[in-house]
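Colleague: I would like a close look at one part of this protein. Please start from one residue and work outwards.

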Amino acid sequence: MAPATELTVGQMAMRSGVAVSALHFYEARGLIRSHRTSGNQRRYGRDVLRRVAIIKVAQEVGISLAEIGEALESLPEGRTPTREDWNLLSTAWRDSLDQKISQLKKLRDGLTDCIGCGCMSINKCPLRNKGDRLAREGTGARRLVLPSPRSGGEGA
């Protein structure tokens, strides 16, 4: 028996491992496409299975849906993405991922001196308050404190 050329939303969800609501969301965002039958039921081409797989993998490594959408727009519609397509997409994302990895390493390495109190105004905090710049504004969580009318801030 030959495989069906089109899949219902339930079949697509089962085969892809993605919830029906996620498929609807991806479709609303333009990441995947379906068409409607005469009975107004969604049908997906088999190529959408590979597109959903690309979306899932890209999301797992931190690629935003906006970036995924831009990349998928470069692929021909109605054709199953190939290994060459994947190589082009993943190569384009590599620089962005390397940059994110570098930022995460800096964050991780900077956490050593953080006491986790939330005020972020301790004099050694390399993450948010180098050189304790916020100390001039007062004590406590300065980024969360609204100016008081007495201080001549916006509330005055």
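Which helix is Lys100 found in?

Modeller: Lys100 is found in helix H5. Bear in mind that this is a predicted model. Let us start at Lys100 and then move through the fold.

Lys100 has a relative accessible area of 28%. Buried would need under 20%, and exposed would need over 50%. So Lys100 counts as partly exposed. Now look at what Lys100 touches. Leaving aside neighbours within four places in sequence, Lys100 is in contact with Gly62, Ile63 and Glu67. Take Ile63 from that list. Lys100 and Ile63 lie 37 residues apart in sequence. In space, their C-alpha atoms are 9.8 Å apart. Such pairings fit a wider count for the protein. Take the contacts between residues at least 6 apart in sequence: 48% of them join residues at least 24 apart.

Gly62 is another partner of Lys100. Gly62 comes just after helix H3 and takes a positive phi of about 95 degrees. Most residues other than glycine have a negative phi. Asn40 is not a glycine, yet Asn40 has a positive phi of about 65 degrees. Find Asn40 in the loop between strand S2 (35–36) and strand S3 (42–45). Its relative accessibility is 53%, so Asn40 counts as exposed.

Now go back to H3. This helix has 14 residues. From first C-alpha to last, H3 reaches 21 Å, close to the 20 Å expected at 1.5 Å a residue. Several H3 residues are buried, including Val48, Leu49, Val52 and Ile54. Asp47 is found in H3 too. Its relative accessibility is 10%, so Asp47 counts as buried. Beyond its neighbours within four places in sequence, Asp47 is in contact with Gly78, Arg79, Thr80 and Pro81.

Ile55 is also buried in H3. Setting aside residues up to four places away in sequence, Ile55 touches Tyr26, Leu31, Ile32, Leu65, Ile68 and Leu72. Ile55 belongs to the largest nonpolar core, which has 23 residues. Ile55 is among the residues with the most contacts inside that core, along with Leu23, Ile32, Ile68 and Trp93. Which elements give two or more residues to this core? They are H1, H2, H3 (47–60), H4 (65–73) and H5 (83–110). The largest share, six residues, comes from H3.

Two of these contributors, H1 and H2, deserve their own look. Two packed helices are described by the angle between their axes and the distance between the axes. Helix H1 (residues 9–16) packs on helix H2 (residues 20–28) at an angle of about 105 degrees. Their axes are 9 Å apart. That angle makes H1 roughly perpendicular to H2. On the H1 side, Val9, Met12, Ala13 and Ser16 make the contact. On the H2 side, Val20, Leu23 and His24 do so. By type, the contact residues divide into five nonpolar, two polar and no charged. Leu23 links this contact to the core, where Leu23 is among the residues with the most contacts.

Finally, step back to the whole protein. There are five helices and three strands. Along the sequence, the pattern runs β-α-α-β-β-α-α-α. Of the 156 residues in the protein, buried residues make up 26%. Asp47 counts as buried, while Lys100, where we began, is partly exposed.

How values were computed:
Residues numbered from 1 in each chain as written. Predicted model: local features only at pLDDT ≥ 70, side-chain atom pairs only at ≥ 80, totals over all residues. Heavy atoms only, no water. Axes fitted to C-alpha atoms, helices over the stretch in contact; angles between N-to-C directions. Helix = DSSP H or I, 4+ residues; strand = E, 2+ residues; numbered from the N terminus. Parallel < 35°, antiparallel > 145°, perpendicular 65-115°, else oblique. Contact = heavy atoms within 4.5 Å. Nonpolar A, V, L, I, M, F, W, Y, C, P; charged D, E, K, R; others polar. Core = buried A, V, L, I, M, F, W, Y, C linked by side-chain atoms within 4.5 Å. Buried < 20%, exposed > 50% of the residue type's maximum accessible area, 1.4 Å probe, protein only. Expected span 1.5 Å × (residues − 1).
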